[in-house]
Amino acid sequence: MIKRLLKFILFTVVICVITVAGINLYIIIDTSKRIITEDKAGELKNDGKIDLICVLGCSAKNGAPSKMLRERLDAAISLYNAGVCDKILMSGDHTTDYSEVNVMKKYAQENGVDEADILIDEKGFSTIETVENIKNSYGKIRCIFVTQNYHLYRTLYLAGKMGIDAYGLDCSKESFYGQLWREVREVGARVKDFATVNLLR
């Protein structure tokens with residue numbers, strides 16, 4: 001009886017590991033060709049209008065963007081200055097006590113982005129909510145998402161499932177403390193969002 005139970009547990013664990021690995025591999029392979037460089041973003045603009053640059057929010061402290069968020073913002077501002085697109089959407093958390101989007105907007109303005117060219121999504125509490133908000137507010141547009149590489153695969157997969165012609169700019173320039181934990185968490189997040197868009201909606 002104990003042997004059967006152990007075999008069942010082992011079988012279940014193996015199936016779960018294969019499922020998680022398979023979903024992650026599928027998402028990465030499916031979206032990797034849509035991760036672009038800044039030069040490629042310029043080429044995309046020549047092929048057709050880019051409607052929006054979207055910066056995905058992350059932590060802000062004491063009214064300033066964290067290093068990781070600043071990396072995203074700098075990359076988006078660089079696209080803006082290169083004329084790739086004249087609209088930047090700041091999507092992130094916003095409450096009465098904490099606002100990523102206000103910090104993001106302020107930083108962009110301080111670095112030369114016209115206030116009229118900054119759009120705000122203050123209900124971007126998660127990646128899937130950001131993508132849904134874009135679809136609901138702007139329709140099936142052509143969008144460049146700006147974030148670190150590990151985060152782009154899931155973002156682009158969600159966008160594709162929601163009919164957005166999406167590309168991702170990998171803004172990674174340095175490694176940040178806690179990256180291993182973010183990578184592990186992202187593995188689970190890909191599975192969760194895969195199930196959400198394919199089974200629950």
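Which residues of the largest nonpolar core touch the most other members? They are L79, M90, I144 and V146, in a core of 33 residues. A nonpolar core is a set of buried Ala, Val, Leu, Ile, Met, Phe, Trp, Tyr and Cys residues joined through side-chain atoms within 4.5 Å. Buried means under 20% relative accessible area, with a 1.4 Å probe and protein chains only.

This is a predicted model, where local features need pLDDT of at least 70 and side-chain atom pairs count only at pLDDT 80 or more, while totals for chains, interfaces and linings use all residues. Residues are numbered from 1 along each chain as its sequence is written, and side-chain values use heavy atoms, without hydrogens and water.

Helix 3 gives the most to the largest core, eight residues. Helices here are DSSP runs (H or I, at least four residues), strands are too (E, at least two), and both are numbered from the N terminus. I144 touches I36, L52 and L169, among others. Contact means heavy atoms within 4.5 Å. Another core, of 21 residues, lies apart and includes L89 and V197.

Now follow helix 3 (residues 67–81) to helix 4 (residues 100–110). Their axes come within 11 Å and cross at roughly 45°. Axes are lines fitted to C-alpha atoms over the stretch in contact, with angles from 0 to 180 degrees between N-to-C directions. The two helices are therefore oblique, meaning not under 35 degrees, not over 145 and not 65 to 115. L69, R70, L73, D74 and I77 in helix 3 meet M104, Y107 and A108 in helix 4.

Last comes D121, in strand 6 (residues 118–121). D121 counts as buried because its relative accessibility is 10%. Among its contacts are L89, M90 and V101.

Conventions:
Buried means under 20% relative accessible area, exposed over 50%, partly exposed in between (1.4 Å probe, protein chains only). Lists of a residue's contacts leave out its neighbours within four places in sequence.
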